[in-house]
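Reader: Hey, I'm new to this one. Could you pull it up and walk me through its charged pairs?

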Amino acid sequence: MSHHQSLVSDFLPFTWVDGPGNRLVIFFQGCNFDCLACHNPQTIPLQSVAAHTWTVEDVLQRVRTSMPFIRGITVSGGEATLQWPFLVELFTRIKQDEEFAHLTTFIDSNGHVEPAVWEALLPVTDGVMLDLKAVDGTLHTELTGHSNALVLDSIRYLAAAGKLYETRLMLAPDRNDSDEQLRTTAQWLLGVDPLMRVKINHFHAHGTRSPASNWAEADEARRQRNRQVLLEAGVQYLC
Amino acid sequence: MRTRPEEVLAAIREQKYTYRQKLQVLAGLAENLLDEPALGPEAAAALEARIICDMYEGHAPYRARYILPDYALALRKGSDFLELPPATDLDEALAHLLIMYSNVPSITGFPVYFGDLDSLLLPYVGPAIDDETLHRKLRLFWISLDRMFPDAFAHTNLSPVYNRVARTILQLERELLQVVPNISLKVHPTLTSDEYLLDAINTVFANGKPHFINDDLMQHDLGEHYAAVSCYNSLKVGGGSHTLSRLNLKQSVLAHHGDVDAWFASTLPHHVELTGELMASRIRFLVEESHFFDSSWLAREGLISLDRFSAMFGIFGLAEAVNLLMERSGRSGTYGHDEEADALSYRITSSIAQLVAELPLPYCAGNNGHAFLHSQSGIDLDLDVTAGTRIPIGSEPPLLRHLQTVSRHHRFFQSGVSDILHFDDMAVRNPEAIVDIIRGAFASQMRDFTFNLNSNDFIRITGYMVRKSDLAKLPAARHSSTFLGAGSVENSHVTDRALKRVVSHESSPVAGL
């Protein structure tokens with residue numbers, strides 16, 4: 001019996017960029033950050049006429065269609081954890097139901113999440129992909145509208161729990177990708193976990209609002225430079 | 001069409017052929033001086049109208065189209081004809097195989113099957129042979145295959161269990177980037193490891209090979225000893241296919257005057273019967289007139305036997321047939337995009353499967369006196385008609401829908417069905433996703449699975465590879481199949497597909513290949 005409903009912006013039956021293997025991904029509506037570089041700004045408001053109200057059963061119906069081609073599902077957003085009671089119910093159902101139990105459950109999060117929420121989610125969550133916009137607090141506030149204190153706490157907490165699948169760095173030229181910034185970031189991440197898996201997501205202007213829509217995108221040389229700095233700083237698992 | 005003298009002179013004067021390619025063309029022209037095997041007036045008219053098609057195999061079949069010798073047996077017991085004793089070590093096995101290949105015919109003039117090379121060679125690769133030695137010996141062998149049998153239809157298979165030889169072969173594929181051999185990997189749900197699949201998928205990223213085939217389904221339909229040869233042709237080892245004739249479903253619908261039910265009730269069965277007549281006439285000529293099975297060393301030495309042979313009944317143009325029949329019913333839905341159109345497509349393939357299963361054919365003991373159904377992936381002359389049961393190029397739906405639509409056809413086509421999926425470069429960062437999709441496809445009863453990446457030098461035509469850099473070198477090319485590929489690139493839409501790449505071909509009447 002489903003008690004909760006949730007507001008879903010969209011879903012993809014297959015995704016290759018939201019966790020290990022082929023996955024179904026659900027984008028929830030609503031975010032607690034307001035990132036300049038957000039490429040899905042329509043998912044930020046807590047309500048949207050374009051969003052759909054789904055029950056757990058609605059999600060499972062989509063999952064059934066994608067099986068047996070997927071190894072799991074990923075919830076993304078918006079910020080999926082805002083709807084954590086729904087996620088707990090959905091993931092619990094997946095873990096308990098024989099039909100779905102082979103699937104892994106992953107969360108793509110901005111990390112602005114209270115420890116109590118992680119505590120509720122982790123028993124039924126296999127991994128989290130967490131975005132880190134900046135280690136520097138002032139820059140983080142500039143880029144997202146919020147402090148990064150909870151984000152950094154989340155990274156520590158999830159790493160200690162063995163549930164941090166990867167940390168994702170959204171890098172935009174001359175915003176947060178200087179050699180110095182990348183070295184500081186790498187140092188901080190490796191201090192949490194020397195074997196941290198780090199993924200670079202280069203900024204794309206497509207879909208963003210002004211002023212980010214006018215930001216430059218990294219060329220190939222810049223991308224190579226970003227990678228090189230992180231590798232030299234000791235990141236071993238760089239995707 | 002009968003050969004005209006000026007065609008012979010033109011072939012002799014042609015500068016784009018190598019000597020060997022010229023011989024092959026001249027042999028085709030000589031064969032076509034004869035009349036085709038006799039047909040009744042209706043079958044002859046259907047052939048003339050290209051509703052049914054003989055794949056331009058030639059007017060007087062004198063070798064079976066696809067031949068799958070039992071090389072394991074030949075290595076074990078040697079060959080009287082070739083004066084070879086049993087192979088006792090890896091060097092002998094490799095030499096004996098090359099000698100045998102050069103004595104194995106097929107429709108292309110080259111062998112279409114090299115054996116399941118990993119399992120063939122494993123008994124000769126003991127602990128005394130270290131990895132470096134194995135790599136060096138296999139590398140020379142691999143180069144020999146490409147240079148001695150320069151035809152992309154020459155095909156090897158890899159067995160389901162990961163092993164040293166398979167690993168070395170995949171490594172060589174990534175190093176050498178050759179057109180030959182074509183490769184299929186037999187994927188078993190439990191025996192084939194993720195590690196093996198990932199190795200193979202990374203090889204596809206480099207050079208577009210191997211294909212992946214559903215070992216469970218193949219064994220169910222063909223028995224334990226089977227292989228995929230040429231491109232997407234799954235047949236019995238120790239046997240093969242006498243011939244491949246095909247029915248153009250688009251032309252069948254265009255030739256039909258009446259409603260949809262009448263097409264199913266009368267026109268389709270009639271055209272299936274005419275295709276059967278064409279096949280029977282060609283098979284009889286091969287067996288009774290050319291005496292292939294009485295004279296071939298392969299049959300004499302038990303490496304092939306007539307009772308493991310059958311023939312292939314091909315269909316193509318399903319997409320156009322569905323869309324035309326939908327139009328006739330006043331419906332606008334199209335194949336791959338509409339539930340009703342898809343349901344109609346399954347009605348067509350299941351009806352044909354039943355008709356073909358009941359169609360008696362001579363010398364087809366390999367399938368209890370019947371043909372194997374085949375989803376024919378096209379030839380380079382096909383215009384305005386889609387290969388086999390594929391969704392037309394450029395109008396493929398999203399991947400999940402694509403897989404769901406085509407996989408339901410696969411179980412009907414025991415002798416192969418090709419649907420080529422084109423993935424973008426994102427796959428390279430997540431090859432595990434491809435593992436998931438292959439396993440899902442085979443759990444959904446898909447039979448053959450092929451994918452391509454846009455970024456490598458290889459372009460896949462029907463199921464065989466052509467190097468983009470070789471196409472640029474035309475008119476002179478070392479691989480016979482490159483010419484066929486060039487025809488396909490011009491005649492279909494190979495180069496302008498959005499995401500998933502598909503094309504057609506197998507034989508061209510001009511080149512006689």
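Reader: Which residue forms a salt bridge with D91(B)?
Author: K137(B) does, with the closest N and O atoms 2.9 Å apart. A salt bridge here is a side-chain nitrogen of Lys or Arg within 4 Å of a carboxyl oxygen of Asp or Glu. D91(B) sits in helix α5 (residues 90-101) of chain B and K137(B) in helix α7 (residues 131-148) of chain B, 46 residues apart. Helices are DSSP runs of H or I with at least four residues, strands are E runs of at least two, and both are numbered from the N terminus.

Reader: Quick check, what kind of model is this?
Author: This is a predicted model, where local features need pLDDT of at least 70 and side-chain atom pairs count only at pLDDT 80 or more, while totals for chains, interfaces and linings use all residues. Residues are numbered from 1 along each chain as its sequence is written, chains are lettered from A and ligands numbered from 1 in the order written, and side-chain values use heavy atoms, leaving out hydrogens and water.

Reader: OK, on to chain A. Are D108(A) and R168(A) buried or exposed?
Author: Both are buried, meaning under 20% relative accessible area (over 50% is exposed, in between is partly exposed; 1.4 Å probe, protein chains only). They form a salt bridge, with the closest N and O atoms 3.5 Å apart.

Reader: And what does R209(A) meet in a salt bridge?
Author: D34(A), at 3.0 Å, N to O. The two sit in separate loops of chain A, so the pair ties together parts 175 residues apart in sequence.

Reader: How many salt bridges over all chains?
Author: 35.
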